[in-house]
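Trainee: I have a model open and would like a close look at a single part. Could you walk me through one chain in detail, and then how its partner meets it?

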Amino acid sequence: MTLAPSLINLDTLAAGKSGTVVHVAPTNGDGGESADLARRLMELGFVPGEKIRMLKRGMPGGEPLAIKVGNATFALRRYEAALVAIQPE
Amino acid sequence: MGVTEKLAQAISHAPMIALLGNPNCGKTALFNRLTGSRQKVANYAGVTIERKEGHCLSPAGHPYRVLDLPGAYSLTAHTPDEAITRDVVGGLRANDGSPDVVVCVVDATNLRLNLRLVLEIQRLGLPMVLCLNMVDVAKKRGIEIDADQLARELHMTVVETVAVQSGGEKALLRALDDMWPVVPVKPRPLAAIDAVSVEDTQREVRRILSVVAKNVHKSDDRSEQIDNVVLHPVAGPVILAVLMFLIFQAVFTWAAVPMEMISGGVEQIGVLLSEHMADGVLRSLLVEGIIGGVGSVLVFLPQILILFFFILILEDCGYLPRAAFLLDRLMGGVGLSGRAFIPLLSSFACAIPGVMAARTIQNPRDRLVTIMIAPLMTCSARLPVYALVIAAFIPEREVWGAVSLQGLILFCLYFAGIISAMGVAWFMKRSAGAKAKQALMMELPSYHWPNLRNLVIGLWERAKIFLMRVGTVILTLMVLLWALSSFPGAPAGATHPPIYYSIAGMLGRALEVIFAPIGFGWEICIALVPGMAAREVAVGALGTVYALSQKGDDLATSLTPVLASSWSLATALSLLAWYVFAPQCLSTLSVVRRETGHVRYAFYMAGYMFALAYSASFITYHVARALGA
């Protein structure tokens, strides 16, 4: 999947920065499991148009991620967040 | 027909209302508020997910049965918990039947997330009431919700509730009375939910919110400020470690006074009975078997309650998921999900709820590994054994200023369990080969003050479970053990205490062959046998073994000095090491079999734990001896 130059995957967003969800999609290749994850992410509120903010990144290695979406905060691992493409602010 | 029978009959025919909502929406607090102590905790048929049902009476005098469904983000189930919720609401569970009214509980401060589930359930066509819970918090934050407008948009009754406040449930009961009499409706097939896509549902939620609510974006700044400290890369882990350490210190120091009162009371009863009964088999059974045995286990109730006091508070105020967040890297390093933290933490109380809590883990292999290592977490049943041995062999003094040495040793034992669990998990993941990614996806709910009522109900549940165990399994085993240790009696001219010649003595002496290399004498071996049924029984068994071994009338004196004088330090340390890995109590093994669906996993577990325990004790014993202990 090629992204427009301004879009980034949520897992690369720095702590304290905000953005807007553009789309949520399973990455290429690993089939059902990612599709399942993508659906659950949307059910948790990661739907196109929602504002999100990276609150914290764990140590060491910048994982897990604490992400604010709507009024809820979720902890995600990197590969989960990588399914979410965002437009950073 | 008596009044209570009439009431029971009315309740069994009462309409069933099901509380349904996202995790962390205050659903269980509302359930506690509605039903108080009129709760029945059981399992759903065929699975071991907790089924909480209670009943209540409305102001108009109508009875209702209340079912607290497991929390769910969606009816497209991702966990076994969510599958239960889906099946009950969809009327797919033959034993439960679909609820007459679905009460959707939503967190008023987070309608954006919560309303989506409401729209999903609405497609099933069941009678519904919407509970805007935590309206007090929402108002304080400046979020304005027009409940009447929301009711018009959703075409359902909307009530405001504050589950943590006395009387906060009144509006819900009035709304239910307005629906009386409830006409049962058959739910539409679950496929109706997928008729609309997640994106479209979310769009509808946004549309509704734009009409009925103002300032929905007002977020919880205080929680964020707390998280800035609690989830800080350096401060966070330090806070977690200090917190855990303080809890274990408290378990030892705060419990001292009530424990002395209990043991003193038990001792008094024993002395009283001894004075007023003729010497004989019955007196021996009562004083040594029942009072001595059960009393020595009962004495640990304060410690178990203190441990749960902290776990329940941390859970209620929202800290536990933060601890899971902080530990996620550590867990991920050995191939576990951060979610495994909650089952593992529950295992500190007892492995059984821990094994059951592993259900929230989606990946089956991840779940299996979590189940297999859960019993390595030091459960509260091991605490009595630790406490007894530590009190007998570790001097009561302070090191580095204010740290109790006994508390420090206890902390180390807990730590040894954790480290070995991580090692076993790493080994299992490695030998399983393929490296799968582990999902986390865990909500970090807003912090709030713990609720006293929930705390009291939670502690009462724990106390009840423990006392039931003392009253049933443990009492039975104690009487059995007393019989085994009393018959046959000593032959004439015996040189050993009578128990040496009894059936238990013979069994213990036979086992001594196996356990002598790790420093266990026959007295300990006898205690290990009933310890298989329930770990804490080993203490009671030691009480019985030594009480019966003593000459003279000092039966009721506490075990501590007896152990200190009859065991070497190396034996004591070896027993502590044994108990870190101690082979399973039978009830845990039976739960493992039920949860995994295979008896072989129960055998694997018992086998690997026995091997670990034996090796650890062997090394400890011989190293301690070499060092002159």
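Mentor: What follows is a walk through chain B, ending at the contact with chain A. Keep in mind that the model is predicted.

Start with a helix pair. Helix 4 of chain B covers residues 111–122, and helix 8 of chain B covers residues 198–212. Their axes come within 9 Å and cross at roughly 115°. The crossing is right-handed. Helix 4 of chain B brings Leu111(B), Arg112(B), Leu115(B), Arg116(B), Leu119(B) and Glu120(B) to the contact. Helix 8 of chain B answers with Thr201(B), Gln202(B), Glu204(B), Val205(B), Ile208(B) and Leu209(B). By class, that contact has six nonpolar, two polar and four charged residues.

Now go to the loop between helix 7 (170–179) and helix 8 of chain B, where Pro181(B) sits. The peptide bond joining Trp180(B) and Pro181(B) is cis, with omega about -5°.

Next, backbone angles. Asn24(B) is not a glycine, yet its phi is positive, about 70°. Find Asn24(B) in the loop between strand 1 (16–21) and helix 2 (27–35) of chain B. Asn24(B) counts as buried because it has 20 C-beta neighbours inside 10 Å. His155(B) also has a positive phi, near 55°, and is a residue other than glycine. His155(B) belongs to the loop between helix 6 (147–154) and strand 8 (157–161) of chain B. With 8 other C-beta atoms within 10 Å, His155(B) is exposed.

Look at helix 2 of chain B too, since Thr28(B) lies there. Thr28(B) has 21 C-beta neighbours inside 10 Å, so it counts as buried. In sequence, Thr28(B) and Pro70(B) are 42 residues apart. In space, their C-alpha atoms are 9.3 Å apart.

Finally, the partner. Chain A puts 28 residues into its contact with chain B, and chain B puts in 28 residues. On the chain A side, the elements giving two or more residues are helix 1 (31–43), strand 3 (51–57), strand 5 (72–76) and helix 2 (78–81) of chain A. The chain A residues there divide into 15 nonpolar, six polar and seven charged. Strand 5 of chain A also pairs across the chains. Two bridges join strand 5 of chain A to strand 12 of chain B, residues 442–443. These two strands run antiparallel. Phe74(A) stands opposite Glu443(B), which is in strand 12 of chain B.

Methods
Residues numbered from 1 in each chain as written. Chains lettered and ligands numbered in written order. Predicted model: local features only at pLDDT ≥ 70, side-chain atom pairs only at ≥ 80, totals over all residues. Axes fitted to C-alpha atoms, helices over the stretch in contact; angles between N-to-C directions. Helix = DSSP H or I, 4+ residues; strand = E, 2+ residues; numbered from the N terminus. Left-handed = near helix turned anticlockwise from the far one by under 90°. Contact = placed C-beta atoms within 7 Å. Nonpolar A, V, L, I, M, F, W, Y, C, P; charged D, E, K, R; others polar. Buried ≥ 20, exposed ≤ 12 C-beta atoms within 10 Å, placed from the backbone. Pairing = 2+ DSSP bridges.
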